[in-house]
Amino acid sequence: MHFTRLTALAVVFTAASTQAVQLNEGPVVAAPCVFGVDETTFSAPGVPIGAKRMQRKRAGFDLPAFPIEPITGAEPDFDELPFLNQVFFADAFSIGQDVINATPPNSGVSFIDVPPMGWGAIAFSVSRATKGEPGSVMFDQYLKPDGTGGDIYSFTLPGSTFASGVAPCYPTDTAQLAQDSPSIGLFDGTSQGEMTYLDLYVPAYMAGSPARDFVPDQPVAFFSVRDEDAHPRDGSPSLVPAGWFDDGSPQSGATILMTRWIMGVGGGFWTTPKVHLNYDELGLQEDDDIDALAVSQAQCLALFSIVNTGGGLAEQLQVVKWGCGSAWAGGGVEVGEYRDQSTMEPVARSMDIEADGEIDGLCTIDPSDQELGSCGPYYGWPTGKSAFKKELAAQVYRDDAATLPTATLVIDGISPAYAGKRLHVYVLVNGFAPIKVYDELIVTTTDPTRTIPFASPFLGGSPGGASLCMDFAAVIVPAPKVGAVISGLRLY
Ligand SMILES: [Ca+2]
Ligand SMILES: [Ca+2]
Ligand SMILES: [Ca+2]
């Protein structure tokens with residue numbers, strides 16, 4: 001059998017529950033991703049991260065990122081993206097698979113638009129200097145030695161619908177810390193890391209991903225370069241190839257460029273970048289700077305952010321719609337500030353970003369619009385039965401290094417007080433009654449991971465059938481009794 005929509009994992013403590021500290025949470029907790037960092041980001045003292053290469057982080061907790069591997073053959077080679085390994089940097093990037101939950105801009109405004117009975121979320125990064133509103137998780141991070149610039153946060157969109165049991169895991173009025181910078185290798189103990197762009201869909205192309213069949217063979221990469229590279233501060237010529245600005249517009253860090261992977265026999269290549277939307281079409285000035293970008297190629301919509309200079313489009317989240325067949329009769333380009341229609345508040349403010357704060361990385365999620373054949377959505381449909389105080393985060397993911405993959409359960413947030421406690425582990429298949437896969441799993445604080453047999457009964461005993469849909473993430477809520485559970489699922 002194939003997994004279809006609903007598969008969730010339950011972990012149930014049978015002993016008296018003890019408080020544990022849990023930081024990482026939300027719909028993209030432990031999710032695989034790729035991102036960029038700046039030149040001043042170090043993984044250990046004296047060990048700079050290869051800032052000129054894209055970084056990849058596998059699914060799971062406490063996994064340092066590493067430079068993305070070159071890919072041979074016809075598959076898109078992300079290590080060869082034209083803006084990597086250059087003397088200049090991209091500061092915004094998207095592989096075009098985002099879903100933008102927004103109405104088309106009208107009169108300079110675009111509203112959150114989540115489908116009925118659906119949910120959407122924004123994964124994002126902020127600059128080192130961004131404090132967040134007092135009391136927010138961002139503010140907490142700002143005060144910590146590792147800071148806030150290398151963290152991945154998430155924000156669940158107002159209007160999202162969850163099963164009642166899971167709703168407390170995904171508050172819609174505040175940011176959540178999804179992946180703390182030390183846990184992804186962006187803190188050397190002294191200087192704070194800085195993540196400069198973020199994408200959750202590139203991992204779908206990586207070896208062994210069950211989601212590979214559902215992303216295009218010839219993807220389009222959208223990106224922006226830094227203003228300081230297009231306009232060097234010492235007045236020297238632009239570091240970016242002039243030919244990339246093929247529409248005749250001046251070079252600008254506020255222009256969105258694009259390049260497409262062309263498959264070839266025994267190999268392939270990225271096309272010479274060209275202008276997708278120039279700064280003028282976006283209502284920006286030549287010396288503005290787009291520093292975060294999430295693109296839906298299918299919707300002809302993008303969410304972007306600019307460097308906050310206090311003027312122009314100072315609000316940190318803007319939506320742009322461009323000509324896209326009959327779906328956009330006007331055919332022109334419209335830009336609007338991203339707002340919550342019920343409060344008219346700019347969405348960035350709901351995400352706890354202060355007025356002069358800086359979003360510098362974006363990727364968006366909407367599982368109901370990301371149907372992936374028999375696997376259901378990229379991000380599954382959270383489900384649950386009861387609301388409990390959340391203390392743990394967990395994820396089950398496929399080991400993509402294994403020939404015949406195994407499923408690994410990873411739990412985060414286990415305090416020493418949990419040592420020796422017994423876990424019951426359940427899996428929900430399509431929302432039916434939980435199937436117990438572990439009866440008495442003894443918790444150890446040194447190794448909070450377990451490997452679940454690949455062809456286990458709960459997967460129908462069919463490795464071939466199950467392999468397509470083995471990867472998912474879960475947020476686990478400890479429960480006082482059997483059957484309480486929860487989760488956001490995720491393929492990669
Ligand atoms: Ca950042
Ligand atoms: Ca830029
Ligand atoms: Ca920004």
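Two strands count as paired where DSSP finds at least two bridges between them. With that criterion in hand, the tour of this predicted model can begin.

**The whole chain.** Display the full protein chain: four helices and 27 strands are assigned in it. Of its 492 residues, 52% count as buried. Among contacts with a separation of 6 or more, 70% link residues 24 or more positions apart.

**The open sheet.** Next, select strands 6, 5, 2 and 12, which form an open sheet in that order with antiparallel pairing. Strand 6 (66–67) and strand 12 (195–199) are the edges; each has a single partner strand, so one side of each lacks a neighbour in the sheet. Within this sheet, colour strand 2 (residues 33–37), which runs antiparallel to strand 12 and is joined to it by four bridges. Label Val-34 and, in strand 12, Asp-199, which stand opposite one another.

**Strand 14 and its partners.** Move on to strand 14 (residues 256–264) together with strand 13 (residues 220–225); four bridges connect them in the antiparallel sense. Here Phe-222 has Met-258 of strand 14 as its bridge partner. Add strand 16 (residues 274–277), which pairs antiparallel with strand 14 over three bridges. Leu-257 is bridged to Val-275 in strand 16.

**The hairpin.** Finally, select strand 15 (residues 267–270), an antiparallel partner of strand 14 through four bridges. Gly-264 faces Gly-267 of strand 15 as its opposite residue. Which residue of this hairpin takes a positive phi? Centre the view on Gly-266, where phi is near 75 degrees; the hairpin has two residues between strand 14 and strand 15.

Methods: Residues are numbered from 1 along each chain as its sequence is written. Chains are lettered from A and ligands numbered from 1 in the order in which they are written. This is a predicted model: local features need pLDDT of at least 70, side-chain atom pairs count only at pLDDT 80 or more; totals for chains, interfaces and linings use all residues. A residue is buried if 20 or more other C-beta atoms lie within 10 Å of its own, exposed if 12 or fewer, and partly exposed in between; C-beta atoms are placed from the backbone. Two residues are in contact if their C-beta atoms, placed from the backbone, lie within 7 Å.
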